[in-house]
Amino acid sequence: MICRQGLVILLALSSAISACGSLGISRLPAVGNTINVVLELSPQVDSFEQARLKTLLEQEAIEFNRLNPHQRVRWHSVSSERLQQDLKFRAARGLTPDLILLASSRDLLTLHQQGFSTPVELSLEEKRSFPAWLLTPLRYRGEQLGVPLFMVSTMACFDRRRIPFSPQDLSDLLRPEDGSALALSTSLNGMNWILTGFGVPLLPLPGRRSNRQSQVLLALRWVQQANLQPHITFVSSEEELRRGLAEGRFLWIPCSSVWISSLRQTLGANLGVGLLPAGPAGVAKPLMGVSTWMFGSQSSPTQRKLAKKFVLFAGNAVNQRTMMLRLGTVFPVNPAILLPLNAYPTLSVMDVALRNSILPTLEQHHYFKLKDEQIGLLANQVLARSQDPLAVAHDFQHLLENAPAAEAQP
Amino acid sequence: MNQLLYFVLDLLADFTRVAVLRQFGAMGLAFGLWFILKSQLKLERRRWLGEGRWPFLKRLKPLANAALLWLCFALAAAWLLAATGVADLARYLVRFYALCMLSRLGLILLLNYLPAKVVQREDLQLVRPLLVVIGVTRLYSQFADLNELLAIQVIALGKDSLSLGALLLLSLGTYFVIVGSELPAMGIAALIRRVFTISMPAYRAISMLIRYLLVAVGFLLILANAGVNQALIAAVGGGLSVGLGFGLKEIFSNFISGLWLLLEGAVRPGDVLLLESGGNGEDPCEVLELGMRATVLWRDRDNVELVVPNQTFFTQSMVTYSGLRDRYRRGQVVVQAAYRHSPRIVIALLEDTARSVPRILAHPAPKGLLLGYGDSAITYAIRYWIENPMDGIGLASEVGIAIWEVFEREEIEIPYPQYVWHQAEDVPGKNA
């Protein structure tokens with residue numbers, strides 16, 4: 001029967017290839033020295049920026065191949081919605097990608113717990129390419145689960161034709177200027193920077209638990225008051241914010257740095273970029289976005305080495321600088337890079353915004369991911385005035401108190 | 001092309017993963033186990049329980065070892081899944097092998113409805129290549145994105161290019177449309193035959209016409225789906241037109257002739273024709289297949305298949321025994337009897353003899369005739385009708401033998417030529 005013969009041939013072929021692999025014949029040029037890299041395409045990054053990012057990373061892979069002719073990096077991109085499904089499909093076949101570039105570290109712990117990733121060990125020399133304050137939040141139970149590639153900041157974007165300067169203070173936001181239309185988000189990040197402006201620490205530090213229900217209450221009352229203003233709109237999706245500014249429905253929004261390119265395409269020189277308004281307790285501290293490498297759990301030892309080599313290659317000063325200058329919307333993680341802040345005003349704003357930002361640990365991300373719906377519900381209760389802010393503040397405070405503390409620096 | 005090589009290398013790289021090796025290793029072990037079990041159990045040779053009672057079990061015997069192998073694979077995959085949670089490649093092999101087995105089962109069942117020759121042809125030309133294509137593409141899609149592979153540009157024609165997917169669709173698609181259209185065409189024709197009670201040759205002609213139609217529609221759909229540039233089709237069409245004027249003229253002429261013959265019904269599969277056989281007289285031949293270029297005829301005399309270009313039937317006249325009226329053929333044996341026998345008795349004997357030969361039709365009845373008075377004997381002919389025109393020569397021999405036996409029994413003489421010489425008495429100058 002031909003099927004049986006075919007199957008025998010197939011099995012023989014695969015066994016031969018397997019034998020070659022285990023005998024080290026895979027060290028021959030290109031055979032066995034290919035890594036599969038998956039790029040997560042977040043819906044929060046618009047398609048224009050996604051295309052730019054893909055092109056840049058492909059160029060990086062080509063450059064890597066040029067310098068390492070016997071090794072090959074193969075790219076695929078998968079949307080955030082399909083990432084888990086895709087990983088599940090591949091993992092069930094023993095083919096989990098060797099590297100996954102996550103849009104943020106938010107899902108890293110979840111994916112690790114599902115068995116898709118494996119920790120990576122970095123030597124002291126290798127760690128020099130990354131600041132400790134970036135590596136530490138990507139650790140879990142003493143293991144390095146991810147390695148950062150670049151940082152994304154949250155800032156204020158506005159249309160200069162109608163709003164010459166970004167509001168400096170949260171109270172300024174409540175004062176309507178002629179025809180101004182502002183938009184805010186009820187997402188975790190959207191609520192976070194407002195809360196921090198009122199002195200509410202969203203992410204507790206180790207050993208510090210603070211009861212700041214009064215500050216939470218003040219923040220929620222501000223949100224409630226803002227919602228009463230005819231020139232302020234609250235939206236539930238970040239994408240809605242970006243599209244609103246591009247289409248001229250909103251004149252000021254809190255925005256991610258990765259939106260700048262596409263917004264500049266629409267608004268041109270009229271796009272203004274500034275820091276988020278400070279609150280009565282100090283500067284706003286938005287969540288920092290860190291695009292993170294995750295190492296696949298089913299790679300061969302050769303592929304694992306190659307994956308790490310590529311991650312370190314992407315993290316070296318030259319590539320980081322190239323990436324920053326080409327994209328102009330992300331911030332390098334390599335501390336050795338001297339930033340041309342004077343030449344690039346947007347970069348300068350991003351720099352300050354990032355200094356103000358906070359980076360949650362993997363556990364904190366995991367916790368807030370689980371509580372995302374609850375936070376949205378509480379925010380809506382405040383906005384809809386269906387609950388007294390005092391009651392909501394209590395629930396909010398309870399929620400914040402139970403957030404895991406950040407891991408101490410090693 | 002480099003890109004294709006990279007795809008192969010990428011695929012090979014996946015085989016260095018432990019989880020992948022484990023799955024293929026488990027399948028290899030399952031195969032080894034099956035080999036031992038197969039030689040111990042001898043399932044295909046041994047007598048099965050209930051085999052006498054249910055004859056169809058005998059037909060399933062060739063599948064026994066395959067089923068055992070599938071069971072070994074399935075158990076190995078299930079064990080792997082339970083032990084490691086990673087077994088989808090192994091499970092894919094199990095599913096694919098089940099598909100192979102199902103196809104074998106389908107072919108066995110098809111033997112109940114179609115001739116073995118047709119089933120065998122479908123198996124070799126359609127089922128097996130199709131399984132290979134399904135197996136390879138599905139296996140590849142377990143490892144990588146098949147669409148990405150199919151999107152690789154393999155041929156560049158000016159500004160246009162042809163992707164691997166389009167190329168495969170054009171080549172494999174055309175092949176499968178041509179090969180795969182046979183059974184559906186036969187099925188539809190069989191339905192038409194049942195509804196309209198048409199003859200077998202007409203059924204074959206309809207089947208062929210439907211097949212051409214399916215191939216034409218399939219080819220158009222393939223062209224549309226492959227995204228072939230219309231300008232390119234026009235260019236190829238232009239080239240074809242020039243080609244038709246020169247080398248392709250004969251091919252095209254034969255193709256059109258074949259279509260015309262089918263439509264007209266002058267020559268259809270199953271018909272019996274008389275074909276000139278190079279100085280050896282005429283031999284009846286049966287039309288086996290009316291192809292795109294040529295018609296295949298079967299000659300009974302020496303059991304050869306003649307491939308006759310279709311246009312031959314247009315350029316030369318043909319004698320057919322299975323034309324518009326009926327398929328009966330009239331045969332004749334000529335015999336002589338001495339003058340001393342009464343023609344009425346001889347004719348009656350000839351008619352009775354012809355009637356007694358099997359395969360000679362009773363209606364129309366055999367007819368004896370007195371053809372003429374010869375020098376030595378009276379010439380008679382016995383004419384009879386037969387159902388199968390291909391039996392003409394064989395039956396003529398049988399009738400001849402029967403006549404000889406009857407003449408011997410009834411003492412009817414078949415005289416040798418007799419000449420009576422007379423010596424002239426008064427030839428002038430004889431005694432001079």
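Q: In which sense do β6(A) and β12(A) pair, parallel or antiparallel?
A: This is a predicted model. In it, 6 bridges join β6(A) and β12(A). One residue pair shows the register: F150(A) stands opposite S291(A). The sense of the pairing is antiparallel.

Q: Which residue of β12(A) stands opposite I100(A)?
A: β3(A) also pairs with β12(A). The two strands run antiparallel and share 4 bridges. In that pairing, the residue opposite I100(A) is M294(A).

Q: Why is β12(A) described as largely enclosed by the rest of the structure?
A: Look at both faces of the strand. G289(A), S291(A), W293(A) and F295(A) lie on one side and are buried. V290(A), T292(A) and M294(A) lie on the other side and are buried too. β12(A) is largely enclosed because its buried residues number 7 of the 7.

Q: What is the strand order of the open sheet of 6 strands in chain A?
A: β12(A) sits between β3(A) and β6(A) in this sheet. The pairing is mixed. The edge strands, each paired on one side only, are β2 (72-79) and β13 (331-332) of chain A. The full order is β2-β1-β3-β12-β6-β13.

Q: Which helix of chain A packs on the sheet, touching β1, β2, β3, β6 and β12?
A: The helix spans residues 301-315. Its direction makes about 55° with that of β1(A). The helix is α12(A).

Q: Which residue of β2(A) is the bridge partner of T34(A)?
A: β1(A) covers residues 34-41. It pairs with β2(A) in the parallel sense, over 8 bridges. The partner of T34(A) is R72(A).

Q: How many bridges join β7(A) to β10(A)?
A: β7(A) is residues 154-159, and it runs antiparallel to β10(A). Within this pairing, A156(A) has P254(A) as its bridge partner. The number of bridges is 5.

Q: Which residues of β10(A) point the other way from W252(A), P254(A) and S256(A)?
A: β10(A) spans residues 252-256. Its buried residues number 5 of the 5, so the strand is largely enclosed by the rest of the structure. Residues on both sides are buried. The ones pointing the other way are I253(A) and C255(A).

Q: Which element contributes the largest share of the side of domain 1 of chain A that touches domain 2 of chain A?
A: Domain 1 is 31-152 + 289-356, and domain 2 is 154-286 + 360-401. Across the contact, 27 residues of domain 1 of chain A meet 26 of domain 2 of chain A. On the domain 1 side, α2, α4 and α14 of chain A each supply at least two residues. The largest share, 6 residues, comes from α14(A).

Q: How many residues of the side of domain 1 of chain A that touches domain 2 of chain A are nonpolar?
A: The C-alpha centres of these two domains lie 28 Å apart. The contacting side of domain 1 of chain A includes 8 polar and 4 charged residues. Its nonpolar residues number 15.

Q: How many residues of domain 3 of chain B are in contact with domain 2 of chain B?
A: In chain B, domain 2 is 160-246 and domain 3 is 267-320. Their C-alpha centres are separated by 26 Å. Domain 2 of chain B brings 6 residues to the contact, divided into 5 nonpolar, no polar and 1 charged. From domain 3 of chain B, the number is 5.

Q: Where in chain A is confidence lowest, and where is it highest?
A: Chain A averages a pLDDT of 85, and 89% of the residues score at least 70. Residues 19-29 of chain A stay under 50. Where pLDDT is low, the predicted coordinates should not be read in detail. Confidence is lowest in helix α1(A), at a mean of 54, and highest in β3(A), at 95.

Q: Is T197(B) buried or exposed?
A: T197(B) has a positive phi of about 40°, although it is not a glycine. Its place is the loop between α9 and α10 of chain B. Within 10 Å there are 7 other C-beta atoms. A count of 12 or fewer means exposed, so T197(B) is exposed.

Q: Which peptide bond is cis, with omega near -5°?
A: The proline involved, P364(B), is in the loop between α14 and β9 of chain B. R359(B), with a positive phi near 75°, has its place in the loop between α14 and β9 of chain B. The cis bond runs from H363(B) to P364(B).

Technical notes:
Residues numbered from 1 in each chain as written. Chains lettered and ligands numbered in written order. Predicted model: local features only at pLDDT ≥ 70, side-chain atom pairs only at ≥ 80, totals over all residues. Pairing = 2+ DSSP bridges. Contact = placed C-beta atoms within 7 Å. Axes fitted to C-alpha atoms, helices over the stretch in contact; angles between N-to-C directions. Buried ≥ 20, exposed ≤ 12 C-beta atoms within 10 Å, placed from the backbone. pLDDT = per-residue confidence, 0-100. Domains from an automatic or database assignment. Nonpolar A, V, L, I, M, F, W, Y, C, P; charged D, E, K, R; others polar.
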